[in-house]
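Here is a short set of exercises to work through with the model open beside you. Try each task before reading its solution.

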Amino acid sequence: METVHQLRVSMPDIEPVVWRRIHVYSHTPLSGLHAVIQVTMGWDDAHLYEFGARWETYGHNGREPSAYTVAQMLPEVGSSAGYVYDFGDHWIHHITVEKIHRPAANTHYPRCSAGRRACPPEDCGGPLGYERTLRAIRARKGPRYRELREWGLHKYNPALFDRDEVNRGLADPKSIGYPEPAPWQREVLDLSSSRYPGAPATTGQDVDHPQDQLEEDPGRLEAVKALTTEPPPSITDAVQSVLDALDEVDKARALLGVALRAEQQKTGASANELAERVRGAMSRPLVLKALRHND
């Protein structure tokens, strides 16, 4: 018998709490649940994600999410799971099964039946950055507010939630940029088939981290050894490592800014057009920040 999972998805690190009540078919793949959460919460689906439940993870660093269903991860009422979106900002969501019920007549699934408040803007810096964003919007002045104006986020309304608009998007995936069939409409991936997108090579090597690449990078080997076998570093050394890494990020951003400004001067492309060209590598706010970065 076909069933529907009624889930409450909430963001505990945001106050007041941002939450949604969603209904999805129990056989929906976890990749589809990810897409439903993106639509109902209001995210842009521009970053990596991961589910975690019962000592298992599904997503970027875990099991293939297209091969497991909502019912497998959340088998009964009261089951819960975690969902992290954007490993940089690290947006944590709690998922709890409220009910498992039969599909209602003449009802489209997935659907959102309730919720409160808007999710934070993409790439605003995690919960602390979100608080800074809200303070800047209330103050309507300062460097943070000027950044928000440049990004078009100065009119962001944290209390805004339109359930009808969400459900229109779920009913018409093409209208919100998902090709049909949308992720929540697809069959669960059969891992018993000989090959599937992203499957490991038959040689047995890890696709993302081949052994020969690791051997060619002695610095990385030393870093791995330091993290796994040596005593932890002092706080001073750890902070210095972070600062050194941020310096490298700033250098890379400066180089990107040079490239973007050169392309802008050559073609006359707007910042939004440039952001669309690099979408997937960097989000729009980061592209705008790179354009402003002077050497």
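**Exercise 1. Which residue forms a salt bridge with R63, and how far apart are the closest N and O atoms?**

Step 1. R63 pairs with E56, and the closest N and O atoms are 2.8 Å apart. That fits the rule for a salt bridge, a side-chain nitrogen of Lys or Arg within 4 Å of a carboxyl oxygen of Asp or Glu.

Step 2. Now look at accessibility, where buried means under 20% relative accessible area, exposed over 50%, and partly exposed in between (1.4 Å probe, protein chains only). R63 is partly exposed because its relative accessible area is 35%. E56 is partly exposed as well, at 30%.

A word on the ground rules: this is a predicted model, in which local features need pLDDT of at least 70 and side-chain atom pairs count only at pLDDT 80 or more, while totals for chains, interfaces and linings use all residues. Residues are numbered from 1 along each chain as its sequence is written, and side-chain values use heavy atoms, with hydrogens and water left out.

**Exercise 2. How many salt bridges does the rule give? Find the other partners of E98 and R144 too.**

Step 1. The count is three salt bridges.

Step 2. One of them joins E98 to R21, with 2.6 Å between the closest N and O atoms. This pair links distant parts of the chain, 77 residues apart: E98 sits in strand β6 (residues 91-101) and R21 in strand β2 (residues 18-25). Strands here are DSSP runs of E, at least two residues long, and helices are runs of H or I, at least four, numbered from the N terminus.

Step 3. E98 counts as partly exposed because its relative accessible area is 25%.

Step 4. R144 meets E147 in a salt bridge at 3.6 Å, N to O. Both residues belong to helix α4, three residues apart, about one turn of the helix. R144 is buried, since its relative accessible area is 12%.

**Exercise 3. Is H154 buried or exposed, and which residues does H154 contact?**

Step 1. Place the residue: H154 is in the loop between α4 (143-151) and α5 (163-171).

Step 2. H154 is buried because its relative accessible area is 17%.

Step 3. Leaving aside neighbours within four places in sequence, H154 contacts I137, Y145, L148 and R149. Contact means heavy atoms within 4.5 Å.

**Exercise 4. Which residues of the largest nonpolar core touch the most other members?**

Step 1. A nonpolar core is a set of buried Ala, Val, Leu, Ile, Met, Phe, Trp, Tyr and Cys residues joined through side-chain atoms within 4.5 Å.

Step 2. The largest such core has 47 residues, and L7, L33, I37, F51 and M73 touch the most other members. Helix α1 (residues 30-41) gives the most to this core, with seven residues.

Step 3. Beyond its neighbours within four places in sequence, L7 has contacts that include L33, V70, L74 and I95.

**Exercise 5. Where does R163 lie, and what does R163 touch?**

Step 1. R163 is part of helix α5. R163 counts as partly exposed because its relative accessibility is 38%.

Step 2. Not counting residues up to four places away in sequence, R163 touches C112, S113 and A114.

Step 3. R163 and T40 are 123 residues apart in sequence, yet 8.1 Å apart in space, C-alpha to C-alpha.

**Exercise 6. Find the cis peptide bonds at P110 and P181, and the positive phi values at D45 and H90.**

Step 1. Recall the background: most residues other than glycine have a negative phi, and most peptide bonds are trans.

Step 2. Y109 and P110 are joined by a cis peptide bond with omega of about 5°. P110 lies in the loop between β6 and β7 (111-116).

Step 3. The bond from E180 to P181 is cis too, with omega near 0°. P181 is in the loop between α5 and α6 (211-215).

Step 4. D45 has a positive phi near 55° and belongs to the loop between α1 and β3 (49-53).

Step 5. H90 has a positive phi near 60°, in the loop between β5 (80-85) and β6. H90 counts as partly exposed because its relative accessibility is 40%.
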